[in-house]
Amino acid sequence: MSSYRLGQGGRIDREKTLSFSFDGKRLAGHPGDTLASALLANGIHLVGRSFKYHRPRGIFGAGAEEPNALIQLGRGARTEPNLRATQIELFDGLYAQSQNRFPNLEFDIGEVNSLFSKFFPAGFYYKTFMWPASFWMKYEYVIRHAAGLGKAPKERDPDSYDKTYAHCDVLVVGAGPAGLSAALAAAKTGARVILCDEHGELGGSLLASKAEIDGKPGADWAATVAAELAEQPEVTLLPRTQCFAYWDHNYFSLCERVTDHLSDAPANLPRQRLWKVRAKQVVLATGALERPLVFQDNDRPGIMLASAAQTFLNRYAVKAGNKGVVFTNNDGAYRAAIDLADAGVKVTVVDCREKPEGEGYYAALDKGLDVRTGKVIVATQGKKRVKSCTIASLNEARDGVERPHEEIEADFIASSGGWNPTVHLFCQAKGKLEWNDDLSAFVPGEPMQKAQRSAGACNGTFGLQSALAEGTKAGGEAAAAAGLKKARAGKAPKASDATHLPLEPLWLAPSDAPLGHKGKHFIDFQNDVTAADLKLALREGYTSVEHVKRYTTTGMATDQGKTGNVNALGIVADTLGKKLPEVGVTTFRPPYTPVTFGIFMGRDADDLLDPARTTPMHSWHQRAGALFEDVGQWKRAWYYPREGEDIHAAVNREVAAVRNSLGVLDATTLGKIDIQGPDAAEFLNRIYTNAWKKLDVGRARYGLMLKEDGMVMDDGVTTRIGENRYLMTTTSGNAPQVMAHLEDYLQTEWPDLKVYLTSVTEQWATISVAGPNARKLMAELTDDIELSPNALPFMGFAEGTVAGAPARVFRISFTGELSFEINVPSSYGLSVWEAVMTAGEKYGITPYGTEAMHVLRAEKGYIIVGQETDGSINPHDLGMDWIVSKQKDFVGKRSLTRADMSKPDRKQLVGILTDDPNVVLPEGSHVVEELKDKPPMAMLGHVTSSYWSPNCGHSIAMALIKGGLAKKGQKVHVPLLDGRVVGATISDTVFFDVEGERLRA
């Protein structure tokens, strides 16, 4: 295999050799290489296959703009698809594979798609796979396997990720000449500066050019400035850090690649780190991206950007080939041509301009380069690597070519169609773009977020001296705007100010055949979008640039059209007979480059993502052999099986104990919100459906909370524990949503109310004792709380001590039994629980879990929000008109007045009693009125809760049934999945102690 590595030069470490593999071939490179430069050094141009046509594709760019060289990096759990070879730093042992080919890269049977390309024009996907509908998933499967990118790992990600937060006076994005000078100017004022750049070495374009600054090589100047910045205590340098998102109020997301470049990463370091940065001022110095020229078959391996060829040569000491053609419409490409010629490459320059007048043109002539003006490339030859190109002169109208044609031998072609300022972050911040005719490019216009500046190439300033001056000025102004009193711009270093101008726009190089009849003119390389596709979209009526984008998918690949979008806009404008700025631009969205999901999660994985919350009594439950269920992050005791018991036997025992003597439940998980303020009563009156203003201190009330649409959101008991103080309880799983709901109304709807909310769920442990012997037990645990029915009636409240701990005691019952809820500070929870268990032994006290609690509450017909409700149920549906006030206003009342909310055929909550008392209906079972031999059958509703009730000696269930309240006593049928049909009767929802005498004992 030929080596294209230069004998000297570049910024690689030749003293050390790195071994890596690509598609199973062992290859060698050096520290400082990227995978792309190492492959080129080994003579490898073919690195992948195109998305739709599976055409051979090679390395096209040198950085984030790369559309072709998408690599599957690593193996096993650490494999990662779709990484750009141009951004992968080489390390020893690197393992890479090409993507989207079968059986291998050299011979890909998917290339047959190219033969049938006329059947795959823009929009074919939308037009073709529509019938029959039953085949859709088959189409989808085949398409996704025939076209696409890499493969995601199936194993768990073994790497760790991190997040950090930072504030600064000045954030500088990009460490090229403008960015370095901006950071230095700001740092000299004492400002807190963060400088980030996607590359491992600071310097940007200076690392790939022969430019000099202050009389020394630009790369050396960059190293000197970086060292000076590193010594500043208020400066943070972030190499290998991509700023991928610019949000409101100067808030930025940065992705730092901490160990991706290491072959043996330390275990204590994350793979990548997400920086969340808030900056007072920002300087965008993000540079510019070269755009290619569009010509026939411009996608063969070996065809690349002129800036890429120059970068590989000067930064990585790698020739793109031995004999090349540089195709250009501007002066910038001449610098690349001259550098290549100086390295011994035979170069022919093809310039579409009839009479170039720039310094680059004359410098090339002085170097003796073969320069062909007024000509374009009309075709290329070669398969897995370009071998030659055909050139021809443009006609006088410059919309066609003349004969004769000339074929030029070349093993690479470097094209340059001008430069696009990298305005992505500027546009993410909703800045407005302006069209610059001299550059034939969009440049930053009026920013929406005023605390920002653009400097250098991203601002359309391409001369090195001008970029340095602009960066220095921007850094000084940003520091001053951030409040640094001694800020001033300072002097910019001296350098040549040659630019890429003059430029002659050429959006589509004509060929010797009508467009689409011979070869392909590619616009979007990653999505295989051609110029013919764009013109087809326009012919079919898609004239909006956003519609053209979606119809053809141009600019919708992972590179977001970094090299192709402006060319696409130019072709659309020419076809429509408009000026390019009249066509407009598509929307720039984060992220600027793809980022891994890992950084968004950071260390918030497993239990740190969804932490398991436990009550102070959790260890006791574990020792007692409880099994647990997850309820809103809480670990709640489900049931307490004894030896030989299954869930049914254990629950039956627990339920019977509560009804016959005494049970105890850990109810700590109930949401608790402390509500204080002079307007607290008014606030509750607006939040709940029933009245609250006249509730006495020391009394509790059940309340129903609705959303604005009138549907039940939550329920619970709220107690007035002081003149202007209430304690609200919510369901365990809904506590955060209720808190957010209350705060939302206080802050946005009723800011005039003086009410203050505090979540105190974690502060109090709650122990609920229930059963006929509950009062006897409480009498043994407290001396200062009067427990008689008159002193502490049902829905009453008292404070005192229980088992020596300060306590709040509530007469609240979710079981329908005589109950006392004991609230003690969490630190007392376990000791009081143990005291309750010890004192209750004589009564056969039995701990019961959530399953027994469900049976007990279902016997009484008590609802659980989220089980008897599903977001479409209002109070009337639940048969709870009694709790809806007709005299006052409350959240959701207006919606309740809608006619649809009281239609008689709405689903309503009723009870269900099976004909066979031993049959327990599965929850979720459908209920039908008319039984047929087979489906479909009209469904009346479904079972919401269903249990065996040992106290009733019968299975009990609740269901939401259409018009159910009027159907009580009616027979229905419940078809089961096993083929059985269960007969049942619609009943009331209260199955036990209908009069409620037990809970008021």
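**Loops, sheets and odd backbone angles**

Pro 936 sits in the loop that links strand 45 (926–928) to strand 46 (939–949); strands (E, at least two residues) and helices (H or I, at least four) are DSSP runs, numbered from the N terminus. The model is predicted, so local features need pLDDT of at least 70 and side-chain atom pairs count only at pLDDT 80 or more, while totals for chains, interfaces and linings use all residues. Residues are numbered from 1 along each chain as its sequence is written, and side-chain values use heavy atoms, with hydrogens and water left out.

**Exercise 1. Work out which peptide bonds next to Pro 936 and Pro 404 are cis.**

Step 1: Start with Pro 936. The bond that runs from Pro 935 to Pro 936 is cis, and its omega is near 0°.

Step 2: Now try Pro 404, which lies in the loop between strand 22 and strand 23. Here a cis bond connects Arg 403 to Pro 404, with omega at about 10°.

**Exercise 2. Describe the backbone and the burial of Asp 23 and Ala 317.**

Step 1: Keep the usual picture in mind. Most residues other than glycine have a negative phi, and most peptide bonds are trans.

Step 2: Check Asp 23, in the loop between strand 1 (18–22) and strand 2 (25–29). Its phi is positive, near 50°, and Asp 23 isn't a glycine.

Step 3: Do likewise for Ala 317, found in the loop between helix 7 (306–314) and strand 18 (323–328). Ala 317 isn't a glycine either, yet phi comes out positive at about 55°.

Step 4: Add burial (buried is under 20% relative accessible area, exposed over 50%, partly exposed in between; 1.4 Å probe, protein chains only). Asp 23 has 26% and counts as partly exposed, whereas Ala 317 has 0% and is buried.

**Exercise 3. Trace the sheet that holds strand 22 and find a bridge partner for Thr 390.**

Step 1: Get the order. This open sheet has 3 strands, arranged 21-22-23 with antiparallel pairing; two strands pair if DSSP finds at least two bridges between them.

Step 2: Spot the edges. They are strand 21 (375–382) and strand 23 (406–409), each pairing on one side only. From one strand to the next, the twist averages 30°.

Step 3: Zoom in. Strand 22 (residues 386–393) pairs with strand 23 over 4 bridges, and Thr 390 has Glu 407 as its partner there.

**Exercise 4. Place strand 34 in its sheet, then say what packs on that sheet.**

Step 1: Read off the order, 35-36-37-34-38: an open sheet of 5 strands, paired antiparallel. Strand 35 (700–706) and strand 38 (756–759) are the edges.

Step 2: Look at the neighbours of strand 34. Strand 34 (residues 671–676) has 4 bridges to strand 38 and 6 bridges to strand 37.

Step 3: Follow Gln 676. This residue faces Tyr 756 in strand 38 and has Arg 725 as its bridge partner in strand 37. Ile 675, meanwhile, partners Leu 757 in strand 38.

Step 4: Bring in helix 20 (residues 735–749). Helix 20 packs on the sheet and touches strand 34, strand 35, strand 36 (712–722), strand 37 (725–730) and strand 38; contact means heavy atoms within 4.5 Å. Helix 20 points at about 165° to strand 38 (axes are lines fitted to C-alpha atoms, for helices over the stretch in contact, and angles run from 0 to 180 degrees between N-to-C directions).

Step 5: Finish with burial. Because 5 of its 6 residues are buried, strand 34 is largely enclosed by the rest of the structure.
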